[in-house]
Amino acid sequence: MGVFDDLVGQERAAVTLGRAAAAGADLLAGGRGAGMTHAWLFTGPPGSGREEAARAFAAALFCSEQGCGHCDMCHQVSVGSHPDLEIVRPQGLSYGIKDTRRLILRAAGAPTLGRWRVVLFEDADRATEGASNALLKAIEEPPPKTVWLLCAPAPDDMMITIRSRCRIVTLVTPPTSAVAHVLATRENVPPTMAEFAARAAQGHIDRARRLALDEEARSRREAVLSIPRSLTGVGECVMAAERLVKTAEDEAAAVTAVLNEAEITELRQVYGEGSTGKGLNRGLIRGGAGALKDLEDRQKSRATRTKRDVIDAALLDLVAFYRDVLAVQFGAHVELASEDRRADLEGLAGASTPEDTLRRIDAIMRCRRRLAANVSPQMAVESMTLSLRQPRL
């Protein structure tokens, strides 16, 4: 299945997508394959490869060989340059109705190269209620040549009326061995490092790649996993929360700074800032102030989203750590994501009960829910670290 090889550990998903692609090919040939529909919903936990699966499916629709992975069509889909494929990546806290309406208009255009125009909507669960209603209308009555590929963690994250009109593809997290194989064969990562990164990332390929290739990413993880042993008093809990939030702010600023500057420069050029001459439309320059304000609002939303995503990744690392503590307490023979911190795991396991560990996991998950509900990150994380507090070891 060529392009589907990228879906390491996704045997069932690959079979499902392969059948769907065959149905699409049947439709392209003039038949009416029963497996084809104009709306698909790809779901699965973080690291399950939702977007990769959707992209592979898009390649199968465009490719005459149903996704060979080697032709120009497959390559264009892989790098995101295919003219009939639009990839939507919400960068802010949500995806609004104005953006959705513009997207729907673009999706209605005629395909350039083939018979399909495909919209791949990553994180479709970030669509607001108004945006979801607009999207629903587009899915209910799609143009005959438009295919919608929506991605979300779970079907319940989408409006019931949307998911009822989509064919759902459910994915699973690939095993550590498969992710390690990808790192070793495609990124030339040494086997030991590939195994560590795959295990620490809990099957999340992109996260594993960052851990394997970026020393700073490994340092940030190390800092997060050092938190549990440091929480021996109220002061230590408050300081740990401050460090975690500050690290997230710094990382968000670093990620968005380059993007922000490029976007602002481009917008100012569009509105003529820096231009001279009698023919300059100064009204256009003044009109650019409103567009600049809108852009700054979107950038602020993106920075907030990035900050929350960084904190959430740290919280998931902590959940994995305490899950490993629980496994040690029960003597379970399972793979430990935090095997590299075996001494800490055993120390915490011996100093607490399984009930204590479960209570701490609940505190972390409660923090995640509070952050999703727009609670101040500092307050939410402080409350969590206080709940994680334990006696000195």
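**Exercise 1.** Classify Tyr322 as buried or exposed, and then classify its ring pair with Phe321.

*Solution.* Tyr322 has a relative accessible area of 1% and is therefore buried (under 20% relative accessible area; exposed is over 50% and partly exposed in between, with a 1.4 Å probe and protein chains only). Phe321, at 0%, is buried as well. The two ring centres lie 5.6 Å apart with planes at 90°, so Phe321 and Tyr322 form an edge-to-face pair (Phe, Tyr and Trp rings, the latter by its six-membered ring, pair with centres within 6.5 Å; planes under 30 degrees apart are stacked, over 60 edge-to-face, the rest tilted).

The model is predicted: local features need pLDDT of at least 70, side-chain atom pairs count only at pLDDT 80 or more, and totals for chains, interfaces and linings use all residues. Residues are numbered from 1 along each chain as its sequence is written, and side-chain values use heavy atoms, without hydrogens and water.

**Exercise 2.** Determine how many aromatic pairs the whole structure holds, and describe the one formed by Phe42 and Phe57.

*Solution.* The search returns four aromatic pairs. In one of them, Phe42 and Phe57 are tilted, at 6.3 Å centre to centre and 55° between the planes. Because Phe42 belongs to strand E1 (residues 39–43) and Phe57 to helix H2 (residues 50–62), the pair ties together parts 15 residues apart in sequence (DSSP runs numbered from the N terminus: helices, H or I, of at least four residues; strands, E, of at least two). Phe42 is buried at 0% relative accessibility, and Phe57 is buried at 0%.

**Exercise 3.** Identify which residues form one aromatic cluster with Trp40.

*Solution.* Phe42 and Phe57 join Trp40 in one aromatic cluster.
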